[in-house]
Amino acid sequence: MALLEVAGIGKSFGSTAVLRNISFELQKGEALAIIGSSGSGKTTLLRCLNFLETADAGSITVAGETLWSADDARTQSEAVLRKKRLHFGLVFQNFNLFPQYTALQNVMLAGELLAKERPDYKQNRKQIHDELEAHARELLAQMGLSDRAGHYPHQLSGGQQQRVAIARALALHPDILCFDEPTSALDPELTGEVLRVLRDLAEHKTTMIIVTHEMKFARDVADRILFMDGGVVVEQGDAKQVIDHPQEERTRKFLASYGK
């Protein structure tokens with residue numbers, strides 16, 4: 001059984017159909033790269049998966065549990081959706097770190113807020129805080145940022161900020177980690193350090209969905225590729241197969257514009 005099953009997702013804004021019948025599966029430990037021109041619906045798809053947008057049709061199933069379907073969408077409260085979002089971690093294009101918090105505090109914040117809902121929080125507050133801090137420091141070390149834990153976002157480079165954002169997304173142990181063009185806001189010299197982190201996550205079989213314009217990275221690191229155009233899935237399959245031997249003319253034209 002696939003870890004993630006997306007079936008028939010549709011989304012319109014007014015009279016404009018942004019997503020039309022999007023369906024795919026993702027196995028545990030796989031990395032899926034989503035490619036396509038700007039405006040093809042890639043970001044909207046990620047936002048629907050993370051319940052930041054509400055799809056108009058279809059269903060989203062994780063580990064056999066249907067988290068969302070158009071049939072019961074009206075019955076799902078914000079509190080319920082907030083809990084379901086924990087299955088996904090999302091790393092944005094522009095980092096979205098809280099400027100008033102250090103790197104360590106940014107990574108710990110969501111965990112601390114969730115911990116306050118635990119019935120044992122008051123009795124075990126210090127222990128819970130210490131555990132969250134230890135985990136956050138481990139993640140920053142994994143990102144190569146042990147010496148930046150006490151730095152504020154304005155004291156960090158763009159690449160360092162994005163790595164803090166990745167650590168923050170990992171902190172809540174999501175089933176699926178999603179990236180929305182994680183290098184698009186970076187200078188070229190900083191792109192490599194973030195791609196190295198993604199490559200390491202892929203090698204450790206972190207289940208990921210990566211919207212990217214980095215074609216070589218998608219070919220070499222992703223297990224599968226999904227090519228979107230005009231709000232539909234034009235082609236999907238093995239990463240090297242899609243990049244090196246695309247079957248659809250629209251895919252070939254898109255890849256030719258990037259020179260692969």
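## Exercises on a predicted model

The crossing of helices α5 and α6 is right-handed in this structure, which is a predicted model.

**Exercise 1.** Determine how the axes of α5 and α6 are oriented relative to each other, and which residues make the contact.

*Solution.* Begin with the geometry: the axis of α5, residues 158-170, and that of α6, residues 188-203, come within 8 Å and cross at roughly 25°. Because angles under 35 degrees count as roughly parallel, α5 is roughly parallel to α6. Next, list the contact, to which α5 contributes Gly-158, Gly-159, Gln-160, Gln-162, Arg-163, Ile-166 and Leu-170, while α6 contributes Leu-190, Glu-193, Val-194, Val-197, Leu-198 and Leu-201. Finally, sort these residues by character, which gives seven nonpolar, four polar and two charged.

**Exercise 2.** Establish how many disulfides there are, and whether Cys-48 and Cys-178 are buried or exposed.

*Solution.* Apply the cut-off that the two sulfur atoms must lie within 2.5 Å. For Cys-48 the nearest cysteine sulfur is that of Cys-178, 12 Å away, so with the 2.5 Å cut-off Cys-48 is in no disulfide. Cys-178, whose nearest cysteine sulfur is that of Cys-48, is likewise in no disulfide, and the count comes to zero. As for accessibility, Cys-48 is buried with a relative accessible area of 3%, and Cys-178 is buried with a value of 0%.

**Exercise 3.** Locate Thr-102 and describe its surroundings.

*Solution.* Thr-102 is placed in the loop that joins β6 (88-91) and α3 (103-115). Its relative accessible area is 10%, so Thr-102 is buried. Leaving aside residues up to four places away in sequence, Thr-102 touches Ala-149, Gly-150, His-151 and Tyr-152.

Conventions: Residues numbered from 1 in each chain as written. Predicted model: local features only at pLDDT ≥ 70, side-chain atom pairs only at ≥ 80, totals over all residues. Heavy atoms only, no water. Axes fitted to C-alpha atoms, helices over the stretch in contact; angles between N-to-C directions. Helix = DSSP H or I, 4+ residues; strand = E, 2+ residues; numbered from the N terminus. Parallel < 35°, antiparallel > 145°, perpendicular 65-115°, else oblique. Left-handed = near helix turned anticlockwise from the far one by under 90°. Contact = heavy atoms within 4.5 Å. Nonpolar A, V, L, I, M, F, W, Y, C, P; charged D, E, K, R; others polar. Buried < 20%, exposed > 50% of the residue type's maximum accessible area, 1.4 Å probe, protein only.
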